[in-house]
Every structure is written in structure tokens, then in C-alpha cells.
Amino acid sequence: MRDLPRRTITAAVYAVVVLVAVFAPPLLFAAVLILTGALGFVELVSLRRAGAPAIVEGVLLIAGCVSLYFLRTLGDPSGSLLITILAVWAADVAAYIVGSSFGKRKIAPTLSPGKTWEGTLAGFVAAAGVVLLAMAPTGIYVWAVLAALTIGPVAFAGDLLESWLKRRAGVKDSGTLLPGHGGVLDRIDSLLAAAPLVAALIVLTGRMG
């Protein structure tokens with residue numbers, strides 16, 4: 001908790017940058033994605049000793065960035081992109097608050113000792129709530145219902161993958177770029193997993209239907 005002020009400031013700056021990029025022209029958003037992907041790739045190179053987890057994370061980094069850009073092309077601004085980002089953020093915040101306040105049962109003590117069942121389930125509910133509440137005014141499409149059910153677990157899996165990567169590499173954080181949060185991959189791991197899910201659901205259910 002001593003690191004909370006620094007974490008909060010970093011998270012606020014990160015949130016502003018992301019939201020500005022989401023509402024910016026597609027080319028600027030693409031530039032931010034390319035920069036983010038490059039920074040993530042640099043971190044992966046430094047963690048290459050992790051072996052298989054680094055390869056899987058690399059594939060997810062590419063798929064996640066491509067999917068985020070695809071979601072951006074669906075609107076100006078893109079509602080599906082914004083919903084995906086906000087749902088992942090809600091899951092992270094809810095998991096942290098509930099887990100640190102009430103969490104008792106560890107969900108993955110070997111990979112990520114700080115995660116609890118209580119916090120994780122709260123994150124799932126928060127992510128689902130954001131998706132459904134955001135879609136309610138304009139109508140809840142099939143992809144949104146499916147996303148509400150799955151975005152929390154998939155984002156959590158992305159987080160666990162990065163925890164596995166760091167444990168195999170023998171490091172606490174993927175980098176040091178973001179004070180209080182570690183590296184770029186530490187911040188976007190859940191989003192990289194959630195974006196391909198949402199993109200696939202939209203395509204498979206007939207775009208926005």
C-alpha cells in the first residue's frame with residue numbers, strides 16, 4: 001500500500017494516454033499501437049530466457065495489437081474498443097480492491113501469489129457489468145452478451161500468462177518503464193488477451209449483430 005500514490009498517478013496518466021488515443025484519428029491510434037508493441041517486444045527480448053511463455057506472449061502481443069486496431073476501425077470513436085478497454089480496467093480495479101480487502105483463498109499461488117478467488121470473481125462481475133451497462137442504451141448485441149460472459153476470464157488468463165513468463169524468467173516485472181506498475185507488458189497483458197476475443201466474437205456473430 002506504500003506504493004499506492006505512485007501506482008495511482010501512473011495509472012491515471014496511462015488512462016489519459018489510452019483514452020486520447022482511442023478518440024484520436026485511426027492513424028494516431030495505429031502509431032500508439034506500434035510504439036506500444038515495439039516496447040513490449042523489447043521487454044520480451046529481455047525475457048527470452050523464459051522460453052515457451054515468451055513465444056506465446058509474443059504471438060499474443062501481435063494478435064492483441066492487430067485486434068485493437070481492428071476494433072478501432074469499427075467506429076469513430078469505436079464503441080467496441082472503448083468497451084473492451086473499460087471492461088478490462090474494471091476487472092483489474094475490482095480484483096485489486098476486493099482481493100486486497102477481502103481475499104483469503106489464493107487462486108494461483110505458484111504463478112501469482114497475490115491473486116485470490118474473491119478478487120478474481122469480483123473482476124469477472126465488474127467486466128461483465130461494464131459491457132452490459134455500456135451496451136444497454138443502444139441495444140445489447142449477441143457479441144456483447146458473449147463478451148460479458150468471457151472477457152473477465154480471458155483477461156485473467158492473459159494476466160496469468162504474463163505471470164508465468166516472469167516466473168520462468170526469474171523477474172518481478174517485465175520492465176521498469178511505468179513507475180509502480182513495472183513494464184508495458186505488465187500493464188497491457190489482460191488487454192492483449194481480451195482484444196482478440198472481442199474481435200473474434202464480433203466477426204463470428206456478424207460484425208455488430
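Visitor: How do you know that the span of helix α4 agrees with its number of residues?

Guide: Helices here are DSSP runs of type H or I with at least four residues, numbered from the N terminus, while strands are E runs of at least two. The expected span is 1.5 Å times one less than the number of residues, which means that the 24 residues of α4 should span 34 Å, and this agrees with the 33 Å between its end C-alpha atoms. The model is a predicted one, in which local features need pLDDT of at least 70 and side-chain atom pairs count only at pLDDT 80 or more, whereas totals for chains, interfaces and linings use all residues. Residues are numbered from 1 along each chain as its sequence is written, and side-chain values use heavy atoms, with hydrogens and water left out.

Visitor: Why is Thr 84 called buried?

Guide: A residue is buried when its relative accessible area is under 20%, exposed when it is over 50%, and partly exposed in between, using a 1.4 Å probe and protein chains only. Thr 84 lies in helix α4 and has a relative accessible area of 1%, so it counts as buried. The buried residues of α4 also include Ser 80, Leu 81 and Trp 89.

Visitor: What makes the approach of Ser 80 and Thr 84 a polar contact?

Guide: A polar contact needs a pair of N or O atoms within 3.5 Å, where within protein one must be able to donate a hydrogen and the other to accept it, and residues adjacent in sequence count only if both atoms are side-chain atoms. The backbone oxygen of Ser 80 lies 2.7 Å from a polar atom of the Thr 84 side chain, a distance that is within the cut-off.

Visitor: Why is the pair of Tyr 14 and Trp 89 called tilted?

Guide: The whole structure holds two aromatic pairs. Rings of Phe, Tyr and Trp (its six-membered ring) pair if their centres lie within 6.5 Å, and planes under 30 degrees apart count as stacked, over 60 as edge-to-face and the rest as tilted. The centres of Tyr 14 and Trp 89 are 5.9 Å apart and their planes stand at 55°, so the pair is tilted. This pair links distant parts of the chain, with Tyr 14 in helix α1 (residues 4-23) and Trp 89 in helix α4, 75 residues apart. Both residues are buried.

Visitor: What kind of aromatic pair do Phe 124 and Phe 156 form?

Guide: Their centres are 6.2 Å apart and their planes meet at 75°, which makes the pair edge-to-face. Phe 124 in helix α5 and Phe 156 in helix α6 are 32 residues apart. Phe 124, at 24% relative accessibility, counts as partly exposed, whereas Phe 156, at 17%, counts as buried.

Visitor: How do you know that Arg 72 and Asp 76 form a salt bridge?

Guide: A salt bridge is a side-chain nitrogen of Lys or Arg within 4 Å of a carboxyl oxygen of Asp or Glu, and in this pair the N to O distance is 2.8 Å. Arg 72 is buried at 1% relative accessibility, whereas Asp 76 is exposed at 64%. A search of the whole structure finds seven salt bridges.

Visitor: Why is the salt bridge of Asp 159 and Lys 115 said to tie together separate parts of the sequence?

Guide: The side chains of Asp 159 and Lys 115 meet at 3.3 Å, N to O. Asp 159 lies in helix α6 and Lys 115 in the loop between α4 and α5, so the pair ties together parts that are 44 residues apart in sequence. Asp 159 is buried at 17% relative accessibility, and Lys 115 is buried with a relative accessible area of 17%.

Visitor: What makes Leu 149 a suitable member of a nonpolar patch?

Guide: Patches are made of residues with over 30% relative accessible area and no salt bridge, with like charges joined within 9 Å and nonpolar side chains (Val, Leu, Ile, Met, Phe, Trp, Tyr) within 5 Å. Leu 149 has a relative accessible area of 62% and is therefore exposed. Leu 149 forms the patch with Leu 132, Ile 140, Val 142, Val 145 and Leu 146, and together they have about 500 Å² of accessible area, by the Shrake-Rupley method with a 1.4 Å probe, where for residues only the protein chains shown count as cover. Helix α6 (residues 142-169) gives the largest share of the patch, four residues.
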